[in-house]
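Visitor: I should like to take a close look at a single part of this protein. Would you please guide me through one strand and the side chains around it, and then show how that part sits within the whole?

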Amino acid sequence: MAKTRPGRKDLDSYTIRGTNKIVRAGDCVLMRPSDTSKPPYVARVEKIEQDNRNNVKVRVRWYYRPEESIGGRRQFHGAKELFLSDHYDVQSAHTIEGKCVVHSFKNYTKLENVGAEDYYCRFEYKAATGAFTPDRVAVYCKCEMPYNPDDLMVQCEGCKDWYHPACVGMTIEEAKKLDHFVCSECSSDDDIKKPQATFSASPGADGKVEPKRRKR
């Protein structure tokens, strides 16, 4: 652990200016960008320090939004998806606007209601190279894309794979009305049992595993 420099002292917590919200090391926060037209930055607080002039600084580890990464935003990236980067920084605590929660991907898919402060992370990201960890992830459907929790998918009762309605010639409205679904590859199998399927579940972490990123 890095030693505190002379004239500085570690703080256990910081109260966000104008609020009663308390930030501690390990918490995720929203930080005000210099360009106010952009959404707030998201970071994880690693350490809180105060100098001899009572200025409070926070050492943070940045989360990147998909559009901020080298590869950019792709179809399977959710609206609330973030990448935990290896980019550390020191910022004034006064730039903290609020707190947020960055869930694991699995826990995020189980949320009944997603609030404005809810985000999720399934990849770590190296800012200099654009590399992701893990570099392989489960893919689904004919399009072989990772799961986007913002998109409705239906599960085939035969092969148990998940499909985007558009990829199997359906509208979202039609998919929502389905009592059961069998994909074209399984529909010729007369041995398939057809119980009533529910679509409240999501693919989660299971599925075929393929390289996450293909070279363009």
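Guide: Tyr 64, Phe 83, Phe 123, Tyr 125 and Phe 132 form one aromatic cluster in this predicted model. Within the cluster, Tyr 125 and Phe 132 make an aromatic pair with 5.1 Å from centre to centre and 45° between the planes, an arrangement that counts as tilted. Both Tyr 125 and Phe 132 are buried.

The part to examine closely is strand E9, which covers residues 118-125. Seven of the eight residues of E9 are buried, and the strand is thus mostly covered. What lies beside E9? Strand E7, residues 81-92, pairs with E9 in the parallel sense over five bridges. Phe 83, already named as a member of the aromatic cluster, has Phe 123 in E9 as its bridge partner. Strand E8, residues 96-104, also pairs with E9 in the parallel sense, here over four bridges. Ser 104 has Cys 121 in E9 as its bridge partner.

A further neighbour is strand E10, residues 132-133, which runs antiparallel to E9 and is joined to E9 by two bridges. Glu 124 has Thr 133 in E10 as its bridge partner. E9 and E10 form a hairpin with six residues between them. Gly 130, in the turn of this hairpin, has a positive phi of about 80°.

The charged side chains around E9 come next. Side chains of opposite charge can pair when their charged atoms come close. Glu 81 and Arg 122 meet in this way, in a salt bridge with a distance of 2.8 Å from N to O. Glu 81 belongs to strand E7 and Arg 122 to strand E9, so the salt bridge ties together parts that are 41 residues apart in sequence. Glu 81 and Arg 122 are both buried. Arg 122 also lies over the face of Phe 105, at 4.4 Å from the ring centre. Another charge is found over a ring at Tyr 119: the charged end of Lys 80 sits 4.6 Å from the centre of that ring.

Let us now turn from this strand to the rest of the protein. A search of the whole structure finds 11 aromatic pairs. Tyr 41 and Trp 62 form an edge-to-face pair, because their ring centres are 5.6 Å apart and their planes stand at 70°, where an angle over 60 degrees is required. Tyr 41 lies in strand E5, residues 41-50, and Trp 62 in strand E6, residues 56-64, so that this pair links distant parts of the chain, 21 residues apart. Is each of these two residues buried or partly exposed? Tyr 41 has a relative accessible area of 26% and is partly exposed, whereas Trp 62, at 8%, counts as buried. The cut-off for buried is under 20% relative accessible area.

The salt bridges of the protein number eight. One of them joins Glu 49 to Arg 8, with the closest N and O atoms 3.5 Å apart. Glu 49 lies in strand E5, and Arg 8 lies in the segment before strand E1 (9-10), so the two tie together parts that are 41 residues apart in sequence. Glu 49 is buried, with a relative accessible area of 13%, while Arg 8 is partly exposed, at 23%. Arg 8 and Glu 49 are also members of a network of salt bridges that links Arg 8, Asp 10, Lys 47 and Glu 49. Another salt bridge joins Glu 46 and Arg 44, the closest N and O atoms being 3.0 Å apart. Glu 46 is partly exposed, with a relative accessible area of 30%; Arg 44 is likewise partly exposed, at 24%.

Finally, the setting as a whole may be described. The protein has two helices and 14 strands. Of its 216 residues, 39% are buried. Among the contacts with a separation of 6 or more, 57% come from residues 24 or more positions apart. The accessible surface comes to about 13,000 Å², and 47% of it belongs to carbon and sulfur atoms. To return to the strand itself: E9 pairs with E7 in the parallel sense, pairs with E8 in the parallel sense and runs antiparallel to E10.

Methods. Residues numbered from 1 in each chain as written. Heavy atoms only, no water. Buried < 20%, exposed > 50% of the residue type's maximum accessible area, 1.4 Å probe, protein only. Pairing = 2+ DSSP bridges. Phe/Tyr/Trp six-rings, centres within 6.5 Å; stacked < 30°, edge-to-face > 60°. Lys NZ or Arg CZ within 6 Å of the ring centre and 35° of its normal. Salt bridge = Lys/Arg side-chain N within 4 Å of Asp/Glu carboxyl O. Contact = heavy atoms within 4.5 Å. Areas by Shrake-Rupley, 256 points an atom, 1.4 Å probe, with all protein chains shown as cover.
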